[in-house]
Amino acid sequence: YKGQSYNFWIYAYEASRPDASASQSGALSGVRSCSRAGVLPWGNVTYAQALAACQAAGKRLCTGLEWEAACAASGTGGGDYPYGATYQAQSCNGADNSSGSGALLPAGQLTACDGGVSGIFDMSGNLREWTNDPRGNAGSKKIYVVRGGAYHTPPLGLSCSFVLSQAVEDVVLPANGFRCCADKAD
């Protein structure tokens, strides 16, 4: 994504494992992440695992500002959702979407979830995405913002600017995934 005062690259699809398929998220661990359409994204991942998978691909986790800029820039009319200013339940895989039935979908399956402009899919729903956006500590562990909401998230949590979904760095949840960013193209 290049625009306004930002100049960075972001995965078009949520990160996936190299051995992922449309029905399996893959089993390889300690590997580089990929960005591929039609496969289940990589969930059940800690912050450190997501960071390592991005680094193995020569990338990094996106900052909160980068993630939000890419999400909001996706929409044709601008606004707080990747597809525009007004919430549309059937555009992305959130709690109100009837296509997902409350489950994870292959990346890019809901083509309306890119806004038709940028080619960046699933910034809203499907999996929440770890960002390099620390928000304090829980004891000795850092807390990071996970952006975009998931397949079971209600409308407010699916917006580009929502920052109240936060997780301790070592939590493993089925609905937590990630996306990688870079300062230059491959």
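Which cysteine forms a disulfide with Cys54? The partner is Cys180. The points below concern a predicted model.

1. The Cys54–Cys180 link. The sulfur atoms of Cys54 and Cys180 are 2.0 Å apart, and the two residues form a disulfide. The torsion about their S-S bond is about -90°, so this disulfide is left-handed. Cys54 belongs to helix H1 and Cys180 to strand S11 (residues 180-182); with these positions 126 residues apart, the pair links distant parts of the chain. Both ends are buried: Cys54 has 0% relative accessibility, and Cys180 has a relative accessible area of 1%.

2. The Cys71–Cys160 link. Cys71 and Cys160 are joined by a disulfide with an S to S distance of 2.1 Å. The torsion here is about -70°, so the link of Cys71 and Cys160 is left-handed. Cys71 sits in helix H2 (residues 64-74), while Cys160 is in the loop between S8 and S9, so the disulfide ties together parts that are 89 residues apart in sequence. Cys71 counts as buried at 0% relative accessibility. Cys160 is buried as well, its relative accessible area being 1%.

3. The Cys92–Cys113 link. What is the handedness of the link of Cys92 and Cys113? It is right-handed, with 105° about the S-S bond. The S to S distance in this disulfide is 2.0 Å. Cys92 and Cys113 each lie in the loop between H2 and S7, so the parts tied together are 21 residues apart in sequence. Cys92 is buried with a relative accessible area of 3%, and Cys113 is buried at 0% relative accessibility.

4. Overall pairing. How many disulfides does the count come to? The count comes to four disulfides. If the bonded cysteines of the chain are numbered in sequence order, the pairing reads 1-7, 2-8, 3-6, 4-5.

5. Cys34. Why is Cys34 not bonded to Cys180? The closest cysteine sulfur to that of Cys34 is in Cys180, at 9.6 Å, which is too far for a bond; the cut-off for a disulfide is 2.5 Å between sulfur atoms. Is Cys34 buried or exposed? Its relative accessibility is 11%, and because buried means under 20%, Cys34 counts as buried.

6. The sheet. Four strands make up an open sheet, ordered S9-S8-S7-S10, with mixed pairing. Its edge strands are S9 (166-168) and S10 (176-178), each of which pairs on one side only. From one strand to the next, the twist averages 45°.

7. The S7–S10 pair. Strand S7 (residues 128-138) and S10 run parallel and are joined by three bridges. Which residue of S10 is the bridge partner of Trp130? The partner is Phe178.

8. Helix H1 on the sheet. Helix H1 (residues 47-56) packs on the sheet, where it touches S7, strand S8 (141-147) and S10. The direction of H1 makes about 130° with that of S7. Helix H1 also carries Cys54, one end of the link to Cys180 in strand S11. The helix that packs on the sheet thus has a disulfide to strand S11, and the Cys54 end of that disulfide is buried, at 0% relative accessibility.

Notes
Residues numbered from 1 in each chain as written. Predicted model: local features only at pLDDT ≥ 70, side-chain atom pairs only at ≥ 80, totals over all residues. Heavy atoms only, no water. Pairing = 2+ DSSP bridges. Helix = DSSP H or I, 4+ residues; strand = E, 2+ residues; numbered from the N terminus. Axes fitted to C-alpha atoms, helices over the stretch in contact; angles between N-to-C directions. Contact = heavy atoms within 4.5 Å. Buried < 20%, exposed > 50% of the residue type's maximum accessible area, 1.4 Å probe, protein only.
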